[in-house]
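Thank you all for coming. I would like to walk through one model this morning, going from a single helix out to the cores and then to the charged side chains.

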Amino acid sequence: MEIFTISKAAKKLGVDPNSLRNWEKRGLIKPVRLPGGQRRYSMDELNKLLQSGQLTGGREAVVLYARVSTKKQADAGNLERQMGRLRHYAGEHGFTIRRNLRT
C-alpha cells in the first residue's frame, strides 16, 4: 500500500495541504496518524475522495490570480507573497486550486 505525506498527497490532488486538513475536519478523508501526530494518506483514501465527487461543483474549485505593476515589485517578491496569501486563504476555506495565474 502506497502512503504519502500531507504535502505529497496535496501535490497529487493539485491542492494546498490545508485543503486536506479541512477535508479531514469535514469527514471527507481519513488519514493514518503516526505516533508523533503526522498525517499519512493512502492512495486508496485519495482515490475514494476523488471518486466521491465531493471535490467538484459549488465554490470548491478556484483559480488564483495575482499581479504586480512593475518588474521591480516582482523582483522584490511581491508576486510570490500575493500567491502565498491566496494559496493560504484557499486552503483554509477548503477550496481546490485548479490553476495559478501570474502576470
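In helix H3, which runs over residues 43–51, the buried residues include Glu-45, Leu-46 and Leu-49, where buried stands for under 20% relative accessible area, exposed for over 50%, and partly exposed for what falls in between, with a 1.4 Å probe and protein chains only. Helices here are DSSP runs of H or I with at least four residues, strands are runs of E with at least two, and both are numbered from the N terminus. Those three buried residues lie on the same side of H3, because they cover an arc of only 100 degrees around the axis, the arc being taken from the directions that lead from the helix axis to the C-beta atoms. Asp-44, Lys-48 and Gln-51, on the other side of H3, are exposed. The cover over the buried residues of H3 includes strand S1 (3–5), helix H1 (6–13), helix H2 (17–25) and strand S3 (39–42), with contact meaning heavy atoms within 4.5 Å.

I should say that this is a predicted model, so to speak of local features we need pLDDT of at least 70, and side-chain atom pairs count only at pLDDT 80 or more, whereas totals for chains, interfaces and linings use all residues. Residues are numbered from 1 along each chain as its sequence is written, and side-chain values use heavy atoms, with hydrogens and water left out.

Let me turn to the cores, each a set of buried Ala, Val, Leu, Ile, Met, Phe, Trp, Tyr and Cys residues joined through side-chain atoms within 4.5 Å. The largest nonpolar core has 13 residues, and those that touch the most other members are Leu-13, Leu-20, Trp-23, Ile-29, Tyr-41 and Leu-46. H1, H2 and H3 are the elements that give two or more residues to this core, and H1 gives the most, with four residues. There is also a second, separate core of nine residues, among them Leu-79, Met-83, Ala-90 and Ile-97.

Which residues does Asp-16 contact, leaving aside its neighbours within four places in sequence? They are Ala-10, Arg-87, Gly-91 and Ile-97. Asp-16 sits in the loop between H1 and H2, and Asp-16 is buried yet has no salt bridge, the nearest side chain of opposite charge being Arg-21, at 5.3 Å. For that statement Lys and Arg count as positive and Asp and Glu as negative, while His and the chain ends are not counted, and a salt bridge needs a side-chain nitrogen of Lys or Arg within 4 Å of a carboxyl oxygen of Asp or Glu. A polar atom of the Asp-16 side chain does lie 2.8 Å from the backbone nitrogen of Asn-18.

Finally, a search of the whole structure finds four salt bridges. Back in H3, Glu-45 pairs with Lys-48, with 3.6 Å between the closest N and O atoms, and these two residues are three apart, about one turn of the helix. Glu-45 is buried at a relative accessible area of 15%, whereas Lys-48 is exposed at 53%. Asp-75 and Lys-71 meet in another salt bridge, at 3.0 Å from N to O, and both are exposed. Salt bridges that share partners also join Glu-24, Arg-33 and Arg-39 into one network. Within that network, Glu-24 and Arg-33 have their closest N and O atoms 3.1 Å apart.

How values were computed
A polar contact is a pair of N or O atoms within 3.5 Å; within protein, one must be able to donate a hydrogen and the other to accept it, and residues adjacent in sequence count only if both atoms are side-chain atoms.
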